[in-house]
Amino acid sequence: MDFELTEEQQQVKRTVRQFAEAELKPHALEWDEAQHFPREIFTKLGALGLTGVIFPEEFGGAGMGYVEYATVIEELARVDGGIALSVAAHNSLCSNHIYQYGNPEQRKTFLPPLARGEKIGAWGLTEPGSGSDASAMTTTAVKRPGGWVLNGSKNFITHGISAETSVVMAVTEREMRSRGVTAFIIERGTGGLIAGRKENKLGVRASETASMIFEDCFVPDENLLGERGRGFVNAMQILDGGRISIAAMAVGIAQGAFETALKYSKERQQFGKPISQFEAIQFKLADMATQIDAARLLTLRAASLKDRHSATTRESAMAKLYASEIAVKVCEEAVQVLGGYGYIKDYPAEKYWRDSKLCTIGEGTSEVQRLVIARQLLLQ
Ligand SMILES: Cc1cc2nc3c(=O)[nH]c(=O)nc-3n(C[C@H](O)[C@H](O)[C@H](O)COP(=O)(O)OP(=O)(O)OC[C@H]3O[C@@H](n4cnc5c(N)ncnc54)[C@H](O)[C@@H]3O)c2cc1C
């Protein structure tokens, strides 16, 4: 058992940290205020291989594993949770669904532009009436000569407007419930695919979240992704990997908030000494650092298992549950350490707190993670 990143993994960490400090930090607050999704950042991330971290080089990817991927997402989130979420949804949801279940032609056609950051990906599972109970979706795909006609809508989709390539789950055999869902690849510009409303969010505001509407949207047969009727099952398998990225995002946000609090506590003087000299503040910092370490270890364990092709349903859910819950706590404590300055936007603490909350909701809420973990325990 080795708890250290390899030299190559540390190099990845340093590179992404430098990138995030130089390219994200100066703009993070401005993007947050304006709720601006900086498309151009994807081109820069692509040049570093960060839009295709987990895909082989033959598909335009960086050929790295989940440990590196978790490291990348953590470092982006340490500076901007919104960009980390966008990169995560692009890599481990949309692109990975195509990589894992696409046929050779689909992989060759759709993956390289996504992996290189030339195109942005979206992954549509959630609907207005079906979130945690995703198999209750109502978007339908009906067979027609040469393809399928989709009708319905998806809700809260990361890059729901900007995506050039989307993976969308739809009901093909209603009576089969979760065994009657099929995945489709839909390209921007397809007739009947309508960009919906962009949401005005609490946090991760640099990441675009929007609905997608399908009105008699014709998708050719060659864009059916994976086996017919396996779309829901495959989506759950994709979430096992995706949850590692949300755990890493939570760790990164918590780490950024902790560093902000630590620095501030050494600078802020009250009662004639730095507030870091008060035991009440020291204990907060000690708890924050311990929780972040534990969350990072759970996340890297899940990532490492994934790299060894082991099942990670339980470990991914545990990492996501724990990391996201402690991230919210750590960020709240960071606001407390900064006092009144924690509550205003001149300091980053309040943004970390707002951004952290998404981690307990996206890719399955904390309650759903507990259900997943309990089911795994009861299987034994
Ligand atoms: C910023 C953002 C980005 C997102 N990006 C995407 C995306 O790219 N693609 C995508 O498909 N989706 C995306 N989502 C949707 C996200 O995955 C869902 O919001 C999430 O799964 C919860 O679904 P819901 O919002 O419908 O909540 P609901 O399922 O309605 O849950 C409401 C509450 O009920 C609880 N609950 C529900 N069922 C149970 C149960 N059985 N037992 C106990 N408690 C339960 C939940 O935990 C929650 O507290 C995104 C969401 C956000 C906010």
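Buried means under 20% relative accessible area, exposed means over 50%, and partly exposed lies in between (1.4 Å probe, protein chains only). The model is predicted: local features need pLDDT of at least 70, side-chain atom pairs count only at pLDDT 80 or more, and totals for chains, interfaces and linings use all residues. Residues are numbered from 1 along each chain as its sequence is written, and side-chain values use heavy atoms, without hydrogens and water.

**Exercise 1.** Find the salt-bridge partner of K154 and place both residues.

Solution. Start with the criterion: a side-chain nitrogen of Lys or Arg within 4 Å of a carboxyl oxygen of Asp or Glu. K154 pairs with E127; their closest N and O atoms are 2.9 Å apart. Next, locate them. K154 sits in strand β3 (residues 147–158) and E127 in the loop between β1 (121–124) and β2 (140–144), so the bridge ties together parts 27 residues apart in sequence. Strands are DSSP runs of E, at least two residues; helices are runs of H or I, at least four; numbering starts at the N terminus. Finally, check burial. K154 is buried at 0% relative accessible area. E127 is buried too, at 5%.

**Exercise 2.** Is R228, the partner of E173, buried or partly exposed?

Solution. First, the contact: E173 and R228 bring N and O atoms to 2.7 Å. Then the accessibility. E173 is buried at 17%. R228 is partly exposed at 47%.

**Exercise 3.** Locate the salt bridge between R354 and E350.

Solution. The closest N and O atoms are 2.8 Å apart. Both residues lie in helix α10 (residues 349–357), 4 residues apart, about one turn. Both are buried.
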